[in-house]
Structure formats: C-alpha cells, structure tokens
Amino acid sequence: MKFFRYRPLIALSVLATVVLLTLAHASPTAASETRSYVLSSFTDAAYSTKDDCPGGIDPDQTVQYALDLAALGMPQDQIKKLMAGYPNGPVVGLLINRGRINGKPVNAYTNPASVIDPKLHMVDGRYAYGFNLDGKGANSPNSFEDPVTHESGIDNQLFRVFGCHKNFRGPPANATAPMYYGAEWSQARPTFPAWSITISGDDLSRDGPVTVSIDRSIDSVLLDAQGNTESFTTFRRDPDPRSRNVFQGQLEHGVVTLTDHHDLHLVGDPILMNDLDLSHTHFRMTLEPNGNADGLIGGYQPWMEIFLPLGQAGIGFEEFQGIDVPGLYYALRRLADADPDPKTGANRRISVAWQFTAVPAFVVHAQSTARP
Amino acid sequence: MIRTGFIGVGGIVAITAFGTLGYVLPSLAASSEAPVATPPGITLQALGAGQSSVMAFALTEVPRTQIAFADAKGMTLYTYDKDSPGKSRCAAACTKFWPPALAPRSARAMGDWSLFKRGDGTRQWQYRGKPLYTFVRDTDVGSVFGVSPNRPAAARTRGPVKQPQYPGWDSALVFPLSGIPMPASIAIREVGDANGLAFVDRDGMTIYAFKGRGGAKAAMRLADQTQWKPLVAPALAHPIGEWSILTRRDGIRQWAFRGKLLFTFAGDQTSGDANGIGVSKDWAAALAVSFYMPPKVRLEQTLGRGKVLATGEGLTLYRRDGIAIDYGGGQSARHGVPIQPGVGRSIGVSLKGCEGACLKAWHPFVAPANAQPDGFWDIAIRPDGLHQWVYQGYALYTFSGDAKPGDMNGNDIFNAVLSDNPNQLNDVGTPMTGTANLYWTIAYP
C-alpha cells in the first residue's frame, strides 16, 4: 500500500533522474565542437623586404667555394682552374675536405668547426613573422615587428640566419621562388607521417577557450590529382607519447592562440628536420571560412635540429641550395638566443617561427581501425 | 618430360596441368614451411651495392639484385662447373685461389646442404650437390670475384655487379633463383615481412597458399567468406612446371601450385606486405625459400610500419643507422629505408653520440654463447664479452621505453656526433660525407 501512496513521488523522482542524467550526458556533447586539420604545407616563416640585407645577398655557392679555397691559401689561378671543372673533377674532393685539423684536410660537414667561418650575411631589417617569445616586447634585443599583427619584440633569429640567402627569401621581396623548406616539405609529404592539429571548444563559431592538440599521425597525407593535400581524409594518431601535445588556448575572431606555452615535441623526418622540438611554444592559427586554416608556430628550437638535416646532405645541399654548410653552422651557433649550456654558456636554442597551412581532416585513435 | 596432373575436387573442373620438369627445385614448397635457406655457419649476403658500405652512396633505393650464400665470416661462396656431387676437382694450386668451404666438426647436412670428405679428410660444404668454395681475392663482405662493395665504383653500380670472368666459376646465389618454370605473371622476390623469398603477383603483392584441411573446395569456401582473393590466371595462361590452373564454378581460372590454391590478401596494402601471415593457421605465404630466424625472435605486426623484428616477448628490436639522404623522403615510410649492411657493420656495437641516459636506454639483444651465424643473422662480441645478435650487419637492441608488444617508442631517436671543438675530429665509425646524423630505427626484416 505504501508503494501506491508514494507512487507519484517515485514517478517524479524517476523522471527527474532521467532528465538530469540526460542533461548531464548530453550537455558536453551538444555544446562541444571539435575540428581537426592536417598540415598541407610547412616552411620557415620568411618576410623578406628589399632592404633587409644591408650586407647584400649571400653569393652563389661557386663564388663562396672560391672564397673558401682562397681562405685556405690557394692561389687564384689554381682556384679558377679547379672551379672550371665544378661540380666534377678533383675540386669536389678538395671542397668536401676543406676543413683543417692539425693542418690536415678533414670533411667540412662532419667537422664544420674545422672550417674558417665564411660569415654569411644576416638579416638586419624591421620585419619578421613570429612571436614575442621572451616577453620583453620592444625592449627585446635584436627583435622584429610582425608584419601582420604589428606586435613588436618578435624573436625570430632563424629568419636572421636564413633570410639573406636567395633560396630562403620569402615574399614580398621574393614572391616567386620556392623557399627551401616549403619545397622540400611539398615534395616529401606523401612519404612521412603527417602532423595534425585538433581544436576543441564549446562552440567554435564563437570566441572562447579552446584545447589545441598537435600530434603526429601514423599515416601520411594523400594528394589529389593536382598535387594538393586531400581534405577530409582520416589520420590515425600515433600512440607514441613523444608526439602528443595538448595546449590550452583561446579562440578570438576566428584566430586560435595558446594561453599556455609549454614545450612541444613532434618526431619529424630527417628530410626536413629530425624533430620539431620547441620550448616557449607559441601558435597562431586562423580558421578560414572555406574550412582550411593557416598560421604560425614558433618557440625556441635546438639549433642543431635545424642544422643536422642540412649538414648531413653536405656538398649535395650546397650544390642544390647554394648555401654554405659550415657557414650555416657558424651562423646558427652565433645567433642562438636561448637555453645556455650550463657548462659553456653557449646558447643551444634559437628563436624560430614556422608557417603552415592546413586542411580539414579526421583524426582518430590509432586503435580504432584494424588497418595494420 | 610431360607430367599430367589431376586434382579431383567436387564442383571444380580440373584441368590437366602440362609442364616441363627439366628443372625442379626439390625444396620448393608453397608454404611458410619452405625449407630454411641456410644451415648454421652459412650466411646470406647482399652483393655489391646491396651492402651500401658508404653512406654517401646510399641514395634512394639500394639495389639488392643479388644475394649470395656466404661462409660464417660473410665471404661469398662459389661453385665450379667441373665438380660433381661429392667430388671436388679443385685441389692443390687451385685451392690457393679457391679455398674449399670447410665445415666444422659440428656441422650437419640439412635440406639441400650436404657434406663430403675431401682427400685430406676435411669436410666440405656442398649445395644441391655442388661443392662450395670461397675466393682468395674477396676481402670484404659482399665482394664477388674480388670486386669489393667498398670500392666506390662498385657501390654506385645499379644492377648486378660487373664481374671479372673466371671460367667455370659461379657465385652461389640464393637470389635471384633461376631456372624455375613459372608463369609469366608470377615472380619471386625478397619479402622481409614473410622472412623469405616469396612468390608475388604481377603487382608485386605477396601470394598465399591454403594449407588447411578440405583441399581446394574448403579453400574457396573460406576465401569467399574472408579477405582472400583468388590469384587469377589470365585467359591465355598455360599450366607450367608445378603450376596448374583450376577453373572455379564462377568461371574464374585460379592458379595453384603443387595442387594448393593460391590467393592474395586484401589486407596487404603494398608490395612487400605479408599481413595475411598469422590471420589463420590455414593460410601461409607461398615461399620458395624461408630465411633462418633465431628461436627467440619473432616478427611483430605494428601500426603503420609493417612487421618488425621483435624479441620472443614481442618487444621491438632496434638498430642504429646513419641517415640515408633521400630527397624523396621515406625515412619514416612503411618498411623504412633499405637496409645498408655495410653501414651497420662499420657502426658495429659502438654507441658513439649516445652517452649517459641514452646509453642506459638501449640494451644489447643478447645471443646465447653457442649461437652461430646463420642466414642474415650474425653475432658480435661486445667489449664486455657479451654475444650480441646482429641482423644484416646491424647490432640489435631493445629500448627501455618500450613496455609491450607493438611499442616503438625508441624509433627515430637521433644522435648527432658533432663537436664545436675545431681541433676534434668527429668520427662515427662509418664513412659519411655529410654531418654525422645517427639515429635509432626499428629493425625491419
């Protein structure tokens, strides 16, 4: 009898519980939104202006080689004769072994410090893409102004290193030539695991806090008939914890930035860089109306990570890209601006900004498909 | 000689198989139970450029056009056409140039490998009745007729190495296999994921044989229900050798080898995959020859990287390698970049550039004290006396950061060997023309 007496109350309680459970379950789903992207291009963020290399553009590598040989004390007539045979003939061996240790020739690429520093030209201009990494703003020494945001105190010493070499100069001064990293990425992207970005928030059509995941995938991008990265393909997130990065961020006027700036690590590919390893990570990504995205990622990166993929190619890199490898080694070492070695005091990291474009994609857990 | 075969299976029209059997490999078998290519003490070595002894020449594809039988030290073995089974015609002065491949007391005949006594009482290896020798002018692993892979001209050569002529003498090759009657649309290639020389279709996809009970009828029934695709014989194809054609009820003509129906596997994505192995005990890769594998090693399927060598417990095995410059990329592609045994051997068991915590992270994969070189497997003796397994020139390790089968957390860890001291010579143990960029990579078979 008691049951019947309390039946309306019980029914109400059950109804309330069901409603509450439904709401509790549905709330996050109904209000949250996730968009994933996969990188479709990646290159050094270069903003080159006509007057940003007061020392001039770096000479062609054949000219640089002649200077290198002269620095070793070789007479001009001999240099001229040898260089006439380049890229073949005995000069190749001489150039590869233009380092000197105890007076003996050694490989210049495995021993770049044994080569006389050719002192490549450095950028000395007003603008560079990037971020105010050290937080000093306009007071930051050797800093730039971002040409888009016009924020001052931009730290991007990598641009200073590369920016006076023709294959690394970007728009607006050099709008047509492909920049080295962009070309290399474009060529190799179907063969290395893709990098993905996932943005999650309550409502990505409105401003508000977001979570940003930057991960490596098991899968590579697919290309369409025009060689563009296919949109809306599926990527399995690599379970390797070394390439999982989660940041808190903010979406404002369609632009995602980070509100925490911890380290980022993505395993890369030595065709471009062994790893993308950043401290003080900064990120700015614009969600385009057409569903694509583009942006910048930056921070302080070990300069050795930049140097190794270029140095390992040795004379081949110099021949194809026309930039002096030992010169690059010295420039990166000299302009490194963070993470001093506790023993030597030498900085181990350099401020960088990389620019990317991205297309929409589906990013899933690796275990969610049976594909081996 | 014409052999007539008939396979009577209900519901299947059997076709008479005609074929010449002028040359039949007695050991050829259409299953993963194919005979192991080598007995203990006999190794397999890629010849010439397949060794890639110099990093700079390891650009893009490394051709492995020839794989030879070799002695325990990796020296190429040869045959002499004047010899007959159990009888060597190379004696006295001849043996100064062509030393007989002598077998230790513990050696035992195995499969196509047998032993015979020479006049001086020593025992000599012979393969399929052909006595074997080494050549005194071979100085390095992968040398053939005295041409070393370490000579840049040889390392750069694509395709078979140009060899000096020594009339009557031939290198003893396991690959390519020659003289086997085979359909034009089928080939034999090295498939690491199957740990052997496998039959592949015209697209290079691994072929499988049904070895379960119930014969062809069961094979077709099971195949229709699963992911096995019949290996279709073209309309104009003829049976050849031990290859026959069955016509199914649906009219499809399907290849069979030694009466076992052949299939490809829908789960194989690309040439070189062998993902059908292990799906069921009823199916096996159709191998012409299988390669030796130590008892405590297995192939482990991974996500996105194909099969990798693993310990008996399934933990991924790694090797240390130098970056092969490949402007097309591919360092982290499925199956990785080609193995460069010469580079692996020159790096050896040294961990230069991997000190401190790095050194604690990598554990040598220990071989039993009595283990012998066999096939692609060799043994290195570490400075502390420990025996370490070596696969195709590379010393093998496990990674302390891996906890379970399938983990590959040590893959693509890079160590630069570079000093800022202008007077310090950077030496990684292997010739590199570029900056020394060594890395740890999963050991692909």
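Me: What pLDDT does chain A average, and what share of its residues score at least 70?

Reply: A good place to start, as this is a predicted model. The average pLDDT of chain A is 89, and 89% of its residues score at least 70. Residues 19-31 of chain A are another matter: there the pLDDT is below 50. That stretch has two contacts in the model beyond near neighbours in sequence. Where pLDDT is low, the predicted coordinates should not be read in detail.

Me: Which helices and strands does chain A have, in numbers?

Reply: Chain A contains 15 strands and nine helices. It has 372 residues, of which 46% count as buried. Among its contacts between residues at least 6 apart in sequence, 65% join residues at least 24 apart.

Me: Why is Q45(B) called buried?

Reply: Let's count. Q45(B) has 28 C-beta neighbours inside 10 Å. The cut-off for buried is 20 or more, so Q45(B) is on the buried side of it. Q45(B) belongs to strand β2 (residues 43-46) of chain B. Beyond four places in sequence, Q45(B) touches I67(B), A68(B), A70(B), G74(B), T76(B), V141(B) and G142(B). One of these, A70(B), is 25 residues away along the chain, yet the two C-alpha atoms are separated by 6.5 Å.

Me: And what makes A109(B) partly exposed?

Reply: The count for A109(B) is 13 other C-beta atoms within 10 Å. A residue is exposed at 12 or fewer and buried at 20 or more. The value for A109(B) falls in between, so partly exposed is the right label. A109(B) is located in the loop that joins α1 (93-97) to β5 of chain B. Leaving out residues up to four places away in sequence, A109(B) touches S114(B) and L115(B). The C-alpha atom of A109(B) is 8.7 Å from that of W125(B), which is 16 residues away along the chain.

Me: How do you know that β5(B) and β6(B) pair?

Reply: Two strands pair if there are at least two bridges between them. β5(B) and β6(B), the latter being residues 123-127, share five bridges in the antiparallel sense, so they qualify. For one of the partnerships, look at S114(B), whose bridge partner in β6(B) is Q126(B). With β7(B), these strands form an open sheet in the order β5-β6-β7, and the pairing is antiparallel.

Me: What makes β5 and β7 of chain B edge strands?

Reply: Each of them, β5 (113-117) and β7 (130-131), pairs on one side only.

Me: How do you know that β24(B) and β25(B) pair?

Reply: Apply the bridge test again. β24(B), residues 387-391, and β25(B) have two antiparallel bridges between them. The requirement is at least two, so the pair meets it. One partnership to look up is Y391(B) with Y394(B), the latter in β25(B). The open sheet here runs β23-β24-β25 in chain B and is antiparallel. Its edge strands are β23 (377-381) and β25 (394-395).

Me: Why are the buried residues of α2(A) said to be on the same side of the helix?

Reply: The buried residues of α2 (residues 61-71) of chain A are Q61(A), Y65(A), D68(A) and L69(A). They cover an arc of only 95° around the axis, and therefore they are placed on the same side of α2(A). Their packing partners are α3 (76-83), α4 (90-96) and α8 of chain A. After α2(A) comes G73(A), which has a positive phi, near 95°.

Me: Which residues touch the most other members of the largest nonpolar core?

Reply: They are Y208(B), L262(B) and L396(B), in a core of 195 residues. The element that gives the most to this core is strand β15 (residues 347-365) of chain A, with nine residues. As for L396(B), its contacts beyond four places in sequence include L317(B), F365(B), W389(B) and Y391(B).

Me: How many residues of chain A are in contact with chain B?

Reply: There are 34 on chain A, facing 32 on chain B. Of the elements of chain A, α7(A) gives the most to that side, with four residues. By class, the chain A side has 18 nonpolar, ten polar and six charged residues.

Conventions: Residues numbered from 1 in each chain as written. Chains lettered and ligands numbered in written order. Predicted model: local features only at pLDDT ≥ 70, side-chain atom pairs only at ≥ 80, totals over all residues. Core = buried A, V, L, I, M, F, W, Y, C linked by C-beta atoms within 7 Å. Contact = placed C-beta atoms within 7 Å. Nonpolar A, V, L, I, M, F, W, Y, C, P; charged D, E, K, R; others polar. Arc of directions from axis to C-beta. pLDDT = per-residue confidence, 0-100.
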